[in-house]
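Here are a few exercises to work through with the model open beside you. Try each task before reading its solution.

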Amino acid sequence: MSRLKTVQIGGLVALAGLLLVGILLAGGIAWEKYHGGSPTTKIGGPFQLVDSQTGKTVTDQDYKGKWLLIYFGYTHCPDACPTALNDLSLALDKLGDKRRDMAPLFITIDPERDTAEVMKDYAASFAPDIVGLTGSTDQIAKAEKEYRVYAAKHPTKDGGYDMDHSSIIYVMDPSGRFVTNFTHETDPDQMAAKLMSLAS
Amino acid sequence: MQFRRFLFSGLAAFVAVGGAAVAQQAQPAPTVEVTQAWARATPGKSTIGAAYATLTAPAGDRLIGAATPVARLAQIHQHTMENGVMKMRQVDAVPLPAGQAVVLSPGGYHIMLIDLTTPLVAGQSFPLTLRFAQAGTVETKVMVGGVGASGPGGAMAPMNMAPMDMSGHKG
């Protein structure tokens, strides 16, 4: 008799456990749906960095309401970064009034060498409205993680280092959501056309 | 008989000289033609840069080194793009197949200029010495374009203009 009771209680506990797992799963799925997809595929997020022009701390919230055009690179980059930044500046030139709705950001992946002083003039050489952002190693690492940017030091024979890095321009909408990205295959005309259609 | 011998030796001499001329033609002094050397202006306070050029070795050669008075070091680098990740690596040489124009250009090979002693200014030029395995050294003049120049043709164009010459753009 008592044996049967134990089995019954055991069954009840197992049922309750299953129910709990089900509730958790459903809740998890609902949470993911509500927050715009699985967190593992999300690109972009909160960041806290230093504006090289003002020397002040800025966050993603400071750019709310604008289209963010974010490129991660470094100033000791002789080829890829100038190409990307120049393509971006050529695209901005084609936007007319819509240019005011854009916040082009150049975020360094090499905070050790790219101080605010270095970043300030560098970004402005390409276009006056491209803002160079730097920060502490931790701040930069966090921003890289949010944007799923790959960046790694590669030591050179002369004792210095180069950076291997993702060379991508991210486009975030005025609410901070990832919309699309541009690569080295995207020419300035294509960038401008896409931005015009998005911002219209 | 005497005349015949004379004729024969004359012919032999002619063949020998002709043969030597042919041999010489087959082995001309190795040369490399360096054209369209260009670089981008230095953005901000940056102390690095890159020089590009078109190299043609009629008999084939290898670019093995570079030097310039405007930088402490000039190295041969190659860019590769893997899954959106840009990597830059120093290489020992750039192979120059016989008669084929090899274009050093953004996204491919470039001469990396490390620790510039003076910023590169658009519209100006600087000397660059290239060292080849066969041809020895060749000096060239590098024209400086805008900070985002994309090729030698657009090197003199203002930076806000669309690139005019895409020949050096795609590797």
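**Exercise 1. Work out how far apart in sequence the contacts of chain A reach, and list its elements.**

Start with contacts, meaning residue pairs whose C-beta atoms, placed from the backbone, lie within 7 Å. Take those in chain A with a separation of 6 or more: 68% of them link residues 24 or more positions apart.

A quick note on the ground rules: this is a predicted model, where local features need pLDDT of at least 70 and side-chain atom pairs count only at pLDDT 80 or more, while totals for chains, interfaces and linings use all residues. Residues are numbered from 1 along each chain as its sequence is written, and chains are lettered from A and ligands numbered from 1 in the order in which they are written.

Next, the elements: chain A holds 5 helices and 9 strands (DSSP runs numbered from the N terminus, H or I of at least four residues for helices, E of at least two for strands). Along the sequence they go α-β-β-β-α-β-α-β-α-β-β-β-β-α.

**Exercise 2. Lay out the open sheet of 7 strands in chain A.**

Strands pair if DSSP finds at least two bridges between them. Following the pairs gives the order 2-1-5-4-3-8-9, with mixed pairing. Strand 2 (57-59) and strand 9 (178-182) of chain A sit at the edges, each pairing on one side only.

Now zoom in on one pair: strand 3 (residues 67-73) and strand 8 (residues 169-172) of chain A run antiparallel, joined by 4 bridges. Here A:Ile70 stands opposite A:Tyr170.

**Exercise 3. Find the largest nonpolar core and the element that gives it the largest share.**

Such a core is a set of buried Ala, Val, Leu, Ile, Met, Phe, Trp, Tyr and Cys residues joined through C-beta atoms within 7 Å. Buried means 20 or more other C-beta atoms within 10 Å of a residue's own (12 or fewer is exposed, in between partly exposed).

The largest core has 84 residues, and A:Ile70, A:Ile169, B:Ala51 and B:Ile111 have the most contacts inside it. Its largest share, 8 residues, comes from helix 2 (residues 80-93) of chain A. That helix is mostly covered, with 13 of its 14 residues buried.

**Exercise 4. Describe where chain B meets chain A.**

Count first: 27 residues of chain B are in contact with 29 of chain A. Strand 5 of chain B supplies the largest share of the chain B side, 5 residues. Then check the pairing: 2 bridges join strand 5 of chain B to strand 7 (residues 161-166) of chain A, running antiparallel. A:Ser166 stands opposite B:Val85 there.

Technical notes. Two residues are in contact if their C-beta atoms, placed from the backbone, lie within 7 Å.
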